[in-house]
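Me: Please take a close look at a single part of this structure, namely the largest nonpolar core, and describe the chain around it. Which residues have the most contacts inside that core, and which elements supply it?

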Amino acid sequence: MTRLFNAPRALVYEVMTKPEHVRRWWGQLGEGYSVPVCEIDLRVGGKWKFVNRHPKGEVTFYGEYRELVPPSRCVFTEIFADFPDVVSIVSSELIEEGDKTRLIATVTYPTQQVRDMVVSTGMEHGAGLSYDRLEDLLAQLQR
Amino acid sequence: MEMDALSNTFAALADPTRRAILARLAQGECTVNELAAPFDMSLPAVSKHLRVLERAGLITQRREAQRRPCRIEAAQIKGVVDWAEHYRALWEQRLDRLGDYLDELQGNQPPIKKAKSHARKYRK
C-alpha cells in the first residue's frame, strides 16, 4: 500500500510512533470510536498495544518492534488479540519526495502456503474462488 | 465465518505440518497412511494433526475400516481469505485516516471529498 503525505518525513515518522499521535488516527473511524489504550515502547524488541473502542465493543492489537531506523523505516509485528495465531509483519518505508513523504507499507502474514492451497483447491475442486480476485488481494499482502 | 470458527481455523493453520497436510489434500483425497508417508512422524501423531484439522472444519475423514480417506473442505479456507480482505481494508482505512490527521496537525484544510479523490490518484 502506498500513500503520498503532504508532510515532512520526520513528522510522519513521529506521528506513526508516538502514542499521543497514534491514538488520533489508528482506529479513529468516526463517532463512537476511540483508542482508550495506546502504549508504545519504541525500541527494537519493545512492545506496543492499542485498544480500539467501537460502537459494538473493543478490539485489541499488540506486537513488537523488529526494526527502527528513524525517520525512514519501521517494522513491527501485529497481532489481533482474537486471533493470536496470526502474526502479521508490518513494514513501513518513508521516502522524501520534495516536501512530501511517500509511505510504502507492506503487510505480510503467513498466507503464502494458504494462498497456494486456496488457488489449487479453487481450481481442482471448483470451490468457486475467483483466482483474479485472490491474486489482486494477495498482491497487497506481499510476502 | 463466526469468530470462534475462524479462530479455530487460524489455530489449525498455524502449524507447518498441518499446512503441508492441507497442501497435499488440495491435490486430491488421500488416506491417513498416504498422508503420513512424507513425515518422520508416528501414525498417532499424524492422526492428532488430522483431528485438529477436522475439528476446525478444514478436512473431513471417512471411517472406512482400514483406508480412512481424508478430503479438504475448501469453504473453510475461503473464510480465511475473506478475513484477509477485511484486514487489508482495515489498513487502507488507517492510512487514509493517517493522511487526514497529518493535514489537521499542520493546520491544512481538512480534505473535502473532491480533494481526497485527488490524493487517491497518488495511491498505487
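Reply: The account below begins with the chain that carries the core and then turns to the core itself and to its surroundings.

The model is predicted. Chain B comprises six helices and three strands, arranged along the sequence in the pattern α-α-β-α-α-β-β-α-α. Of its 124 residues, 23% are buried. Among the contacts in chain B with a separation of 6 or more, 49% are between residues 24 or more positions apart.

The largest nonpolar core contains 22 residues, and those with the most contacts inside it are Leu22(B), Leu25(B), Leu53(B), Leu58(B), Ile59(B) and Ile72(B). At least two residues of this core come from each of α1 (3-13), α2, α3 (32-36), α4 (43-55), β3 (69-72) and α5 (74-105) of chain B. The largest share belongs to α5(B), which provides five residues. In terms of domains, domain 1 (3-72) and domain 2 (77-120) of chain B each give at least three residues to this core.

Leu53(B) offers a view of the packing at residue level. Leaving aside residues up to four places away in sequence, Leu53(B) touches Ala12(B), Arg18(B), Ile21(B), Leu22(B), Leu58(B) and Ile59(B). Three of these partners, Leu22(B), Leu58(B) and Ile59(B), are also listed with Leu53(B) among the core residues with the most contacts.

A second, separate core has 17 residues, including Val22(A), Trp48(A), Cys74(A) and Tyr101(B).

Helix α2 of chain B spans residues 16-25 and includes Arg19(B). Arg19(B) counts as partly exposed because 19 C-beta neighbours lie inside 10 Å, whereas a buried residue requires 20 or more. The C-alpha atom of Arg19(B) is separated by 14 Å from that of Gln76(B), which is 57 residues away along the chain.

Chain A contributes a set of paired strands to the wider picture. Strand β5 (residues 73-80) of chain A runs antiparallel to strand β6 (residues 87-97) of chain A, with seven bridges joining them. These two strands form a hairpin with six residues between them, and Arg73(A) stands opposite Glu93(A) in β6(A). β6(A) also pairs in the antiparallel sense with strand β7 (residues 100-108) of chain A, over nine bridges. Here Ile95(A) stands opposite Arg102(A) in β7(A). The hairpin of β6(A) and β7(A) has two residues between the strands, and within this hairpin Gly98(A) takes a positive phi near 65°.

Key:
Residues numbered from 1 in each chain as written. Chains lettered and ligands numbered in written order. Predicted model: local features only at pLDDT ≥ 70, side-chain atom pairs only at ≥ 80, totals over all residues. Helix = DSSP H or I, 4+ residues; strand = E, 2+ residues; numbered from the N terminus. Buried ≥ 20, exposed ≤ 12 C-beta atoms within 10 Å, placed from the backbone. Contact = placed C-beta atoms within 7 Å. Pairing = 2+ DSSP bridges. Core = buried A, V, L, I, M, F, W, Y, C linked by C-beta atoms within 7 Å. Domains from an automatic or database assignment.
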